[in-house]
Amino acid sequence: MHQGEEADRTENTPDVADATPRARRRVRPGRVLLGALALLGAGVLMAGGAGWWAVDHYTGKVERIPDAFPTKVPPAEQPAPSKGGTTFLLVGVDSRSDLPTTGRDAKAPAWRYGAQRSDTMMLIHLPEDHSNAYVVSLPRDSWVPVPGHGDAKLNAAFSWGGSPLLIDTVQRFTDVRIDHLAVIDWEGFKHLTDAVGGVDLTVGGEVRHMNGEQGLRYVRERKNLARGDFDRTHRQQNFLRAVLNKVMTPRNLTNPVKASELLDDLTASVSVDDRLSDSDLRELLWNNREVRPGRMVFMNAPVAGTDMIKGQSVVLVDKKKSAELWAAMRNDTMADYVAGHRLDRLGTGTR
């Protein structure tokens, strides 16, 4: 599906008068990718030589998002807790701000009505046995019911109601309980990419070294991709995998100074929900310290196609196929699901 810039301007986002005029600069997806790195890569650094002290020290420096979860949803309308594992919603926001909005260096609000969009959303499921990580990208243009607003694009939920409305929306259409939230913006994307010295990616048969600015252009490209946003999603996943691989190089794993610098950049850039305590984060990192990029599974949520609704280009979720995926996430049986289903999965090569 080729969705051009015109489609971007026909979002379900309200016209808010107090949005900053200079905020028309569009900041795009890749930001959330390094949120996963902050949660998983730090555990790798710890196992590789940064030591427990480093993780204990830096987890206490991660910025928390207050009141990130919905509080007025009746219990009967909330999904039951999953039978095992932990599920994160990772969000990359279009902050419409020249200032950082997440992490310790935040200078602008993480959310203001109509001023931000969640242009990238991924569910990451970490199974109870800590054997792997499963990353499922949710199309930002998915046409779904948004509580209190009727049917709309998924990314409009964050614009209208911040993380509580986005979490409520995702939970209702997946029936998967979201345990935690991580959010990262443009400044975080640049810092985290540059912190690992950039990455090498193969584009059109040519290996290219990309820094933060170049990586942003790589993950935002869609006009010249065969499947538009669907291929762009795989680019985002591919970039995440490349960064994880870069973090795990001996130079980074065995050098305490470099490891500490990376942890400082990681924890300075990402914000997480205030339900994720320091001890919870340390336990999460420790339990998943053996997860490696080569074992991680990246996929797109099943879709039935695209359509034009109310003058907007939208993605139609395949409800039947998606139901099987969400059930596997709830039941902590993602390994069986992956083995038994044909997926829109990121391959071993680069794009």
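**Exercise 1. A salt bridge beside a hairpin turn**

Which residue's side chain meets that of Glu206 in a salt bridge? Then place the pair in its surroundings.

*Solution.*
Step 1. Keep in mind that this is a predicted model.
Step 2. Find the partner. The side chains of Glu206 and Arg208 meet in a salt bridge, at 3.9 Å from N to O. The cut-off is 4 Å, so the pair counts.
Step 3. Check exposure. Glu206 has 46% relative accessibility and counts as partly exposed. Arg208 is partly exposed too, with a relative accessible area of 39%.
Step 4. Look at the strands. Strand S8 (residues 199-203) and strand S9 (residues 206-210) run antiparallel and are joined by five bridges. Opposite Arg208 in S9 stands Leu201.
Step 5. Look at the turn. The hairpin of S8 and S9 has two residues between the strands, and Gly204 there takes a positive phi near 60°.

**Exercise 2. Two more salt bridges**

How many salt bridges does the structure hold? Work through the one formed by Glu77 and the one formed by Asp141.

*Solution.*
Step 1. The total is seven salt bridges. As background, side chains of opposite charge can pair when their charged atoms come close.
Step 2. Take Glu77. Its partner is Arg172, and the closest N and O atoms are 2.8 Å apart.
Step 3. Locate both ends. Glu77 sits in the loop between strand S1 (63-65) and strand S2 (86-94), while Arg172 belongs to helix H3 (residues 156-174). They are 95 residues apart, so this pair links distant parts of the chain.
Step 4. Check exposure. Glu77 is partly exposed, at a relative accessible area of 40%. Arg172 is also partly exposed, at 36%.
Step 5. Take Asp141. It forms a salt bridge with Lys153, with the closest N and O atoms 3.7 Å apart. Asp141 lies in the loop between strand S4 (134-138) and strand S5 (143-146), and Lys153 lies in strand S6 (residues 150-153), so the pair ties together parts 12 residues apart in sequence.
Step 6. Check exposure again. Asp141 is buried, with a relative accessible area of 2%. Lys153 is buried as well, with a value of 0%.

**Exercise 3. The buried face of H5**

Which residues of helix H5 are buried, and how are they arranged around the axis?

*Solution.*
Step 1. List them. In H5 (residues 212-220), the buried residues are Gly212, Gly215, Leu216, Tyr218 and Val219.
Step 2. Look down the axis. These buried residues fall within an arc of 160°, so they line one face of the helix.
Step 3. Inspect the start of H5. There a side-chain oxygen of Asn211 reaches to within 3.2 Å of the backbone nitrogen of Glu213.

**Exercise 4. The span of H6**

What span should helix H6 have, and how enclosed is this helix?

*Solution.*
Step 1. Helix H6 covers residues 229-247, which makes 19 residues.
Step 2. At 1.5 Å a residue, the expected span is 27 Å. Use one less than the number of residues in the product.
Step 3. Compare. The end C-alpha atoms of H6 are 27 Å apart, which agrees.
Step 4. Count burial. In H6, 17 of the 19 residues are buried, so the helix is largely enclosed by the rest of the structure.

**Exercise 5. Aromatic pairs**

How many aromatic pairs does the structure hold? Classify each one.

*Solution.*
Step 1. There are two aromatic pairs.
Step 2. Take Phe173 and Trp326. Their ring centres are 6.4 Å apart and their planes stand at 90°, so the pair is edge-to-face.
Step 3. Place them. Phe173 is in helix H3 and Trp326 is in helix H10 (residues 319-331), 153 residues apart. Both Phe173 and Trp326 are buried.
Step 4. Take Tyr218 and Phe239. Here the centres are 6.2 Å apart and the planes lie at 40°, so this pair is tilted.
Step 5. Place them. Tyr218 is in helix H5 and Phe239 in helix H6, 21 residues apart. Tyr218 and Phe239 are both buried.

**Exercise 6. Positive phi outside glycine**

Where is His130 found? Describe its backbone, then turn to Asp332.

*Solution.*
Step 1. His130 is found in the loop between strand S3 (117-126) and S4.
Step 2. His130 has a positive phi of about 60°, although it is not a glycine.
Step 3. At 28% relative accessibility, His130 counts as partly exposed.
Step 4. Asp332 is not a glycine either, and has a positive phi of about 60°. Asp332 has its place in the loop between H10 and helix H11 (334-340).

Terms used:
Residues are numbered from 1 along each chain as its sequence is written. This is a predicted model: local features need pLDDT of at least 70, side-chain atom pairs count only at pLDDT 80 or more; totals for chains, interfaces and linings use all residues. Side-chain values use heavy atoms; hydrogens and water are left out. Buried means under 20% relative accessible area, exposed over 50%, partly exposed in between (1.4 Å probe, protein chains only). Helices (H or I, at least four residues) and strands (E, at least two) are DSSP runs, numbered from the N terminus. The arc is that of the directions from the helix axis to the C-beta atoms. A polar contact is a pair of N or O atoms within 3.5 Å; within protein, one must be able to donate a hydrogen and the other to accept it, and residues adjacent in sequence count only if both atoms are side-chain atoms. Two strands pair if DSSP finds at least two bridges between them. Rings of Phe, Tyr and Trp (its six-membered ring) pair if their centres lie within 6.5 Å; planes under 30 degrees apart count as stacked, over 60 as edge-to-face and the rest as tilted.
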